Structure formats: C-alpha cells, structure tokens
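Please open the model in your viewer and keep the selection panel at hand. The tour below goes from one selection to the next and says what is there at each stop.

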Amino acid sequence: MVEIHDCERSRGYEQRQQNYSDACYGKTDEQISNNDIASPLEGITCHYCDLEKCPCCIYEVNYYYNYGLSRRKIILCTDCYSEIYGNGRKISSEIVTKAFTRICETIRNSATVARNLRNRQRVNYFDAVQNAFEMNPEVREYLGENCNIDKNLRGLWSFTYAIVNGQDCGIEVLNRDPDNLILGVDYKKICFTS
C-alpha cells in the first residue's frame with residue numbers, strides 16, 4: 001500500500017481534474033512508422049512535477065483522496081517518488097501488514113461482542129484505530145508516535161480504502177460518512193470457533 005503524504009503539492013494535482021486512468025506510455029504499435037527501426041518511446045509526464053521523464057524513470061502509484069474512501073493511479077518520476085517517500089522514515093512492508101492486521105482485528109473484536117444479528121455491534125472506525133494504536137506497537141510505528149487519529153491522517157487513508165472497499169476483511173461498512181465512519185462485522189465472512 002503506497003500513498004502520498006505531501007498534501008501541498010498533491011492539491012494542485014486534484015485541481016487539474018484530468019483522468020489519468022489510461023496512462024499514455026508512448027506510441028502504440030499502430031502509431032509506429034513502417035520503418036524497420038522504431039524510434040524510442042517518448043517521455044511520460046509526471047503527474048506530480050509536470051515534467052516529461054523517460055519511461056524507465058516512472059512509477060505508477062496509488063493516490064488516495066476523499067479521506068481514503070477513493071483511490072486512483074498516478075504516475076510519478078523517480079525524483080518525485082524519492083521526495084515524497086524519502087522522508088527519512090523507513091517502514092518495512094512487514095510493519096505495514098502487521099499494522100493493518102491489528103486494526104482489522106481490533107474492529108472485528110469490538111464488533112463481535114454480541115453474535116446475535118439483531119444486537120449487532122457498531123464500531124466507530126477512528127475509535128477502533130485509536131484502540132489499536134494504544135495496544136499495538138506496529139500500529140504506533142506505522143502511524144508515528146505523535147499523531148492525531150482522525151479522518152485527516154493521510155497515513156491512514158490507504159488502510160481506510162482497503163477496509164471500506166475490501167471484500168475479504170470480514171468487515172462491513174454501516175455508514176460511509178468520513179466524519180462518522182461506522183463499521184460492523186460481516187458474519188457471512190467470519191468463521192467463529194467455539
């Protein structure tokens with residue numbers, strides 16, 4: 001899960017209102033001349049710095065917006081990628097995976113207090129993340145020790161997207177409002193062991 005943390009430069013990207021879902025990676029086979037030797041591919045424009053870069057220096061990454069409820073793919077050059085993600089904090093993929101797992105476990109545990117469907121437990125997403133933050137060092141390491149856990153925490157947006165749009169977490173969304181994101185357990189996808 002990769003996300004953009006620099007909100008100052010990414011706002012400019014939001015204002016352009018362009019559709020980057022179909023990235024142009026240079027000429028297609030039909031556009032190449034009938035010469036025996038094809039010319040090299042043209043550069044690709046980085047969505048962050050708006051400079052044309054060589055295709056070998058390009059990354060396609062997820063850009064999360066709408067407080068993590070939405071996502072689209074953008075193209076970043078090597079320089080911009082290093083500027084955004086090279087903030088001195090190296091987090092391994094194991095820590096990210098464990099943090100996500102701990103948050104999902106906290107949501108499921110909080111919502112499975114009552115197994116009766118009529119008494120289904122509702123869980124505020126940010127309260128569950130706060131509980132996971134207090135109880136798990138992996139979540140603290142991923143989010144950082146001094147963070148305010150709310151809808152504006154950009155480091156949480158990739159997790160929010162995965163939980164809200166995920167089919168295999170066993171978590172269902174009861175209220176999708178980012179100010180009051182309420183979750184429950186999808187009992188069809190959870191296996192209870194007694």
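Select Tyr-65 together with Arg-72, and in this predicted model you will find the charged end of Arg-72 sitting over the ring of Tyr-65, at 4.6 Å from the ring centre. Then move to Tyr-67, where Lys-151 lies over the face of the ring, 4.4 Å from its centre.

Next, show the strands around the first of these stops. Strand S3, residues 58–65, and strand S4, residues 70–77, pair in the antiparallel sense, and the pairing runs over 8 bridges. To follow one bridge, select Glu-60, whose partner in S4 is Ile-75. The hairpin of S3 and S4 has 4 residues between the strands, and there Asn-66 takes a positive phi near 55°.

From the hairpin, go to Lys-53, which has its place in strand S2, residues 52–53. If you draw the side chains of Lys-53 and Asp-79, you will see them joined by a polar contact of 3.5 Å. When neighbours within four places in sequence are left aside, Lys-53 is in contact with Gly-43, Ile-44, Ile-58, Cys-77 and Asp-79.

Now turn to the aromatic rings, of which the model has 7 pairs by the rule applied here. Which geometry do the rings of Phe-100 and Phe-159 adopt? Their centres are 5.3 Å apart and their planes stand at 65°, so the pair is edge-to-face, given that planes over 60 degrees apart count as such. This pair links distant parts of the chain, since Phe-100 belongs to helix H3 (residues 93–111) and Phe-159 to helix H6 (residues 157–165), with their positions 59 residues apart in sequence. Phe-159 is buried, with a relative accessible area of 0%, and Phe-100 is buried as well, with a relative accessible area of 15%.

Keep Phe-159 selected and add Tyr-142: the centres of these two rings are 4.7 Å apart and the planes are at 15°, so this pair is stacked. Tyr-142 lies in helix H5 (residues 137–143) and Phe-159 in helix H6, so the pair ties together parts that are 17 residues apart in sequence. Tyr-142 counts as buried, at 9% relative accessibility. With Phe-100, Tyr-142 and Phe-159 all on display, you are looking at one aromatic cluster.

While helix H5 is in view, select Glu-138, which lies in that helix. Is Glu-138 buried or exposed? At 16% relative accessibility Glu-138 counts as buried, because the cut-off for that class is under 20%. Residues up to four places away in sequence not being counted, Glu-138 touches Ile-95, Lys-98, Ala-99 and Arg-102.

The next selection is helix H4, which spans residues 125–135 and includes Phe-133. At the start of H4, look for Asn-124, a side-chain oxygen of which reaches to within 2.9 Å of the backbone nitrogen of Phe-126. Colour the buried residues of the helix, namely Tyr-125, Phe-126, Ala-128, Val-129, Ala-132 and Phe-133. They cover an arc of only 155° around the axis, which puts them on the same side of H4. On the other side of H4, Glu-134 and Met-135 are exposed. Among the elements that cover the buried residues of H4 are H3, H5 and H6, together with strand S5 (123–124) and strand S7 (182–185).

Within this helix, stay for a moment at Phe-133, which counts as buried at 10% relative accessibility. Apart from neighbours within four places in sequence, Phe-133 is in contact with Val-139, Arg-140, Leu-143, Gly-144, Glu-145, Cys-147 and Ile-149. A distance label drawn from the C-alpha of Phe-133 to that of Arg-102 will read 8.9 Å, although the two residues are 31 residues apart in sequence.

The last stop is the sheet that contains S5 and S7. Its 3 strands form an open sheet in the order S5-S7-S6, with antiparallel pairing. The edge strands are S5 and strand S6 (171–175), and each of them pairs on one side only. S6 and S7 pair in the antiparallel sense over 4 bridges. To end the tour, select Glu-172 and look across to Gly-184 in S7, which stands opposite.

Technical notes
Residues numbered from 1 in each chain as written. Predicted model: local features only at pLDDT ≥ 70, side-chain atom pairs only at ≥ 80, totals over all residues. Heavy atoms only, no water. Helix = DSSP H or I, 4+ residues; strand = E, 2+ residues; numbered from the N terminus. Polar contact = N/O pair within 3.5 Å; in protein donor to acceptor, adjacent residues only side chain to side chain. Contact = heavy atoms within 4.5 Å. Buried < 20%, exposed > 50% of the residue type's maximum accessible area, 1.4 Å probe, protein only. Phe/Tyr/Trp six-rings, centres within 6.5 Å; stacked < 30°, edge-to-face > 60°. Lys NZ or Arg CZ within 6 Å of the ring centre and 35° of its normal. Arc of directions from axis to C-beta. Pairing = 2+ DSSP bridges.
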